[in-house]
Amino acid sequence: MERIYLDFNATTPLDPRVLEAMLPVLQSTFGNASSIHWFGQRARALVEEARETVAAFVGAESGEIVFTGGGTESDNAALRGALAAASPERRKVLVSATDHHAVTHTAEALRREGASVVVIRSQTNGSVDLEDLAAKLDDATLLVAVMAANNEVGIVQPSEQVAQLAHARGALFLSDAVQAAGKLPLDVNDPPVDLMALSAHKLYGPKGVGALYVRRGTRIKPLIHGGGQERNRRAGTENVAAVVGFAAAVRLASADMASESRRLRGLRDRIEQRLVERAGAERNGEEPRVPNTASLSFPGVEAERLVMALDLAGVAVSTGAACSAGAIEPSHVLKAMGLPPARVQSSVRISLGRSTTPDEIDEAAARIEKAVERQRGGNV
Ligand code: PLP
């Protein structure tokens with residue numbers, strides 16, 4: 001049986017060209033980038049070259065890029081770092097209800113530690129409720145966190161308006177662009193953001209490396225203390241091969257983003273339409289969406305069981321749900337969108353990627369139709 005991977009929003013495979021860029025570094029550039037000798041300076045040069053590439057990818061200056069251990073760390077560093085550097089009169093944090101747990105759970109932890117954290121509501125289409133944001137923003141607001149694109153339903157948030165509203169009140173804007181990177185062009189000046197989180201493994205780079213963009217002049221304190229790496233903003237010996245891989249991944253993503261987006265959109269629309277027509281699926285979320293993501297509800301079907309049945313049938317998709325301590329928690333994104341519990345429990349995310357072919361899409365659709373039919377017939 002040929003296995004079909006349709007869970008690229010969870011993670012992507014390392015592109016062989018990224019591996020090719022990383023291998024010589026792993027094999028021979030072992031120096032500590034902080035060492036002053038030749039070995040160290042070779043490593044330093046690679047780290048700085050990678051920083052320039054990642055900076056250019058989002059329209060930033062290289063000094064504004066801090067390499068981190070991934071998207072989760074970047075979000076934590078942004079929220080905790082900004083709050084730690086905040087003045088006493090500006091300590092309120094607003095986070096969008098549909099942001100990733102890397103943002104929402106960090107905000108909840110900060111609330112338990114005494115911070116003032118307010119959640120911004122979502123509209124039923126998955127877009128942040130701008131009126132709610134405007135009503136909750138005040139002169140005590142330090143930061144507004146609204147992701148660039150959602151990992152479950154793919155909706156692209158109205159970052160332009162969020163930036164305007166936040167900046168009009170003197171608040172910082174944190175954009176988690178982990179799922180947008182590689183799928184949409186990104187520019188930290190259009191719309192203007194102050195902090196942006198990125199992760200390499202969502203765009204065919206290695207796991208465990210990411211970046212936090214910090215606009216020049218934005219005050220944040222480091223999350224991790226130790227040596228003076230990353231201009232005192234993130235201590236720890238640099239993972240040279242990982243940042244070189246990150247930069248290689250970013251170059252590949254930039255090279256064919258427009259054509260790849262068109263291709264993926266066509267395939268995504270095809271599987272969506274087919275499952276709507278032949279399996280009674282209902283779409284969650286509205287345009288604008290990233291081109292590779294579909295969130296579909298299958299009435300009368302338990303999503304968790306469907307995902308397991310599909311795994312046996314060789315198709316890898318996911319529910320919006322997170323499995324913690326053996327208990328399945330319904331997707332906080334779909335819940336925040338106000339979808340009825342039955343619809344949330346029957347939702348599956350299908351996310352396409354670089355290696356997805358039209359044949360795979362047709363074969364996956366056929367296997368999904370069959371699995372849905374069997375479950376509806378009680379024949380599991
Ligand atoms: N933010 C978003 C929107 C994500 O989708 C993810 C990963 O699922 C993260 C943050 C976390 O990134 P990482 O896996 O690199 O820690």
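A polar contact is a pair of N or O atoms within 3.5 Å, where within protein one atom must be able to donate a hydrogen and the other to accept it. In this predicted model, one such contact involves Gln 157, whose side chain reaches the backbone nitrogen of Val 128 at 2.7 Å. Gln 157 is found in the loop that runs between strand E5 (141-145) and helix H6 (159-168). With a relative accessible area of 4%, Gln 157 is buried, because the cut-off for that class is under 20%.

Salt bridges were examined next. Side chains of opposite charge can pair when their charged atoms come close. The structure holds 27 salt bridges. In one of them, the side chains of Arg 3 and Asp 311 meet with an N to O distance of 3.8 Å. This pair links distant parts of the chain, 308 residues apart: Arg 3 belongs to the segment before strand E1 (4-5), and Asp 311 to helix H10 (residues 303-312). Arg 3 counts as exposed, at 54% relative accessibility, whereas Asp 311 is partly exposed, with a relative accessible area of 43%.

A further salt bridge joins Asp 15 and Arg 17, with the closest N and O atoms 3.0 Å apart. Asp 15 counts as buried, at 6% relative accessibility. Its partner Arg 17 counts as partly exposed, at 47%.

Arg 234 forms a salt bridge with Glu 73, and here the closest N and O atoms are 2.8 Å apart. Arg 234 lies in the loop between helix H7 (229-232) and helix H8 (240-255), while Glu 73 lies in helix H3, so the salt bridge ties together parts that are 161 residues apart in sequence. At 14% relative accessibility, Glu 73 counts as buried. Salt bridges that share partners also join Arg 265, Arg 268, Asp 269, Glu 272, Arg 283, Glu 287 and Arg 289 into one network.

The open and enclosed spaces of the model were then considered. The largest pocket contains about 520 Å³ of space. It is lined by 33 residues, of which His 100, His 101, Asn 151, Lys 202 and Arg 349 are the closest to its centre. Two or more lining residues come from each of helix H3 (71-84), helix H4 (101-112) and strand E12 (318-319). Helix H3 gives the most to this lining, with four residues. By class, the lining of the largest pocket comprises 17 polar, eight nonpolar and eight charged residues. At least three residues of the lining are drawn from each of domain 1 (4-12 + 257-375) and domain 2 (16-252).

Four cavities of 30 Å³ or more are present in the structure. About 210 Å³ of space lies in the largest cavity. Among the 20 residues that line the largest cavity, Gly 182, Lys 183, Tyr 204, Glu 260 and Leu 264 are the closest to its centre. Helix H9 (residues 257-279) gives the most to the lining of the largest cavity, with four residues. The lining of this cavity divides into nine nonpolar, six polar and five charged residues. Both domain 1 (4-12 + 257-375) and domain 2 (16-252) give residues to the lining of the largest cavity, and the cavity therefore lies between them.

How values were computed. Residues are numbered from 1 along each chain as its sequence is written. This is a predicted model: local features need pLDDT of at least 70, side-chain atom pairs count only at pLDDT 80 or more; totals for chains, interfaces and linings use all residues. Side-chain values use heavy atoms; hydrogens and water are left out. On a 1 Å grid over the protein atoms alone, a cavity is a set of points where a 1.4 Å probe fits but cannot get out, and a pocket is an open set with protein on both sides within 12 Å along at least five of seven lines; lining residues have an atom within 4 Å of a point. Grid points are joined across faces, edges and corners, and a volume is the space filled by probe spheres set on the points. Ala, Val, Leu, Ile, Met, Phe, Trp, Tyr, Cys and Pro count as nonpolar, Asp, Glu, Lys and Arg as charged, and the others, Gly among them, as polar. Domain bounds come from an automatic or database domain assignment. A salt bridge is a side-chain nitrogen of Lys or Arg within 4 Å of a carboxyl oxygen of Asp or Glu. Buried means under 20% relative accessible area, exposed over 50%, partly exposed in between (1.4 Å probe, protein chains only).
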